[in-house]
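I opened this notebook to keep track of what I looked up, one topic at a time. My plan was to begin with a sheet and then turn to a pocket.

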Amino acid sequence: MENSYVLPGQEYSRDTSYIESRITRDGADGWPVEPGRYRLVVARACPWANRTIIVRRLLGLEDSISLALCGPTHDMRSWTFDLDEGEHDPVLGIHWLAEAYYRRVPGYRKGITVPAIVDVPTGAVVTNDFARMTLAFSSEWQEHHREGAPDLYPEALREEMDAVMKRVYTEVNNGVYRCGFAGSQDAYDDAYERLFTALDWLEDRLATRRYLMGETITEADVRLFTTLVRFDPVYHGHFKCNRNKLIEMPALWAYARDLFTTPGFGDTVDFAQIKSHYYEVHTDLNPSGIVPGGPDLSGWLEPHGREALGGRPWGDGTPPPAPRTEELVPQDATPLPGGVASA
Ligand SMILES: N[C@@H](CCC(=O)N[C@@H](CS)C(=O)NCC(=O)O)C(=O)O
């Protein structure tokens, strides 16, 4: 189940309390920045985890923070390492992600969620506070960024960016969940209205700006992208976000394709795992567990034409190199050739 609750007749409400310890340069919470010490646990299916995979790649933190991949579906105890040999994570040596949560908080009773960062020496979760994780990758881990890493949270844009990211979070990232898990017709109607009001705002905003904050890629784009890329495969049908598809919003669709073919974005997306997770795990919404065949993904590689808006995607930086072989998305789960971005 999602880390959430919904009572019949009520609006969906996300549980936003987390294990909030921070990994910082000064180690104030007991967890100092230290390359090789931490393991980022994700599922490619999850939009909140997808953010961390993208930001880790854009900043070149692969050598500093290792990656553990849970499979797309669950057993009774939530996420497992069923994709790994022997169904155990090779570094943490555990089958259930829950084990790392229990090492941190015995009997942990809240959602066993991804993304989570685990301290390898103790095997305990340090944080599952996804919103802070990526910003910390930008600020606290700066000394370990690759050469040419972009500035994803530029000082001069922060005030406006925080406001844009807040609206994107409440209305879009979480807005689709509010539609999908609405507990009454009224709650759904309200959620649907809010979601498409925000998508109309974004469609306008992106008609004249190459990226959400203008000229260059920022964390705000990462956050919007992970919802857009799931929109037609899952949110449109499974979550009833169906006023229109993403492909029917010209600016948003071209923007999403632009990012998809940008190194570090599309090459992290596994459409097969995304569909499998939502349609198989949410048995309350889809009791048959049947995963739909569509949509056709070939349109993702159609020319997007967004270069005409100008912009300097990486600012003073450079694109990241291709993903490492062991982190490639399987070819049958992506329209990208070889699972590697083509732009
Ligand atoms: N922890 C964050 C975001 C992470 C999150 O909700 N992840 C989902 C997957 S997309 C999860 O792990 N849910 C628990 C589960 O599926 O068992 C939140 O609850 O807002």
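The entries below follow that plan.

**Entry 1, the sheet.** I noted before anything else that this is a predicted model. I then looked up an open sheet of four strands, whose order is 6-5-9-10 and whose pairing is mixed. Its edges are formed by strand 6 (65-70) and strand 10 (124-127), each of which pairs on one side only. I also checked how neighbouring strands of this sheet are turned against each other, and found 40° on average, with direction ignored.

**Entry 2, one strand pair.** I followed strand 5 (residues 38-43) to strand 9 (residues 116-119), and found that they pair in the antiparallel sense over four bridges. For Tyr 38, I recorded Asp 119 in strand 9 as the bridge partner.

**Entry 3, helices on the sheet.** I saw that helix 2 (residues 97-104) packs on the sheet and touches strand 5, strand 9 and strand 10, while its direction makes about 80° with that of strand 10. Helix 1 (residues 47-59) lies across strand 5 and strand 6, and I noted that it runs at about 130° to strand 5.

**Entry 4, a pocket.** I turned to the second largest pocket, which holds about 250 Å³ of space. Its lining has 14 residues, and those nearest its centre are Asp 129, Phe 130, Ala 131, Tyr 169 and Arg 223. Which helix gives the most to this lining? I found that helix 4 does, with five residues; helix 3 (130-139) and helix 4 (158-173) each supply at least two. By class, I listed five nonpolar, two polar and seven charged residues in the lining. Domain 1 (4-144) and domain 2 (155-339) each contribute at least three residues to the lining.

Definitions and conventions:
Residues numbered from 1 in each chain as written. Predicted model: local features only at pLDDT ≥ 70, side-chain atom pairs only at ≥ 80, totals over all residues. Heavy atoms only, no water. Pairing = 2+ DSSP bridges. Axes fitted to C-alpha atoms, helices over the stretch in contact; angles between N-to-C directions. Contact = heavy atoms within 4.5 Å. 1 Å grid on protein atoms, 1.4 Å probe; cavity = no way out; pocket = protein on both sides within 12 Å on 5 of 7 lines; lining within 4 Å. Points joined across faces, edges and corners; volume = space filled by probe spheres on them. Nonpolar A, V, L, I, M, F, W, Y, C, P; charged D, E, K, R; others polar. Domains from an automatic or database assignment.
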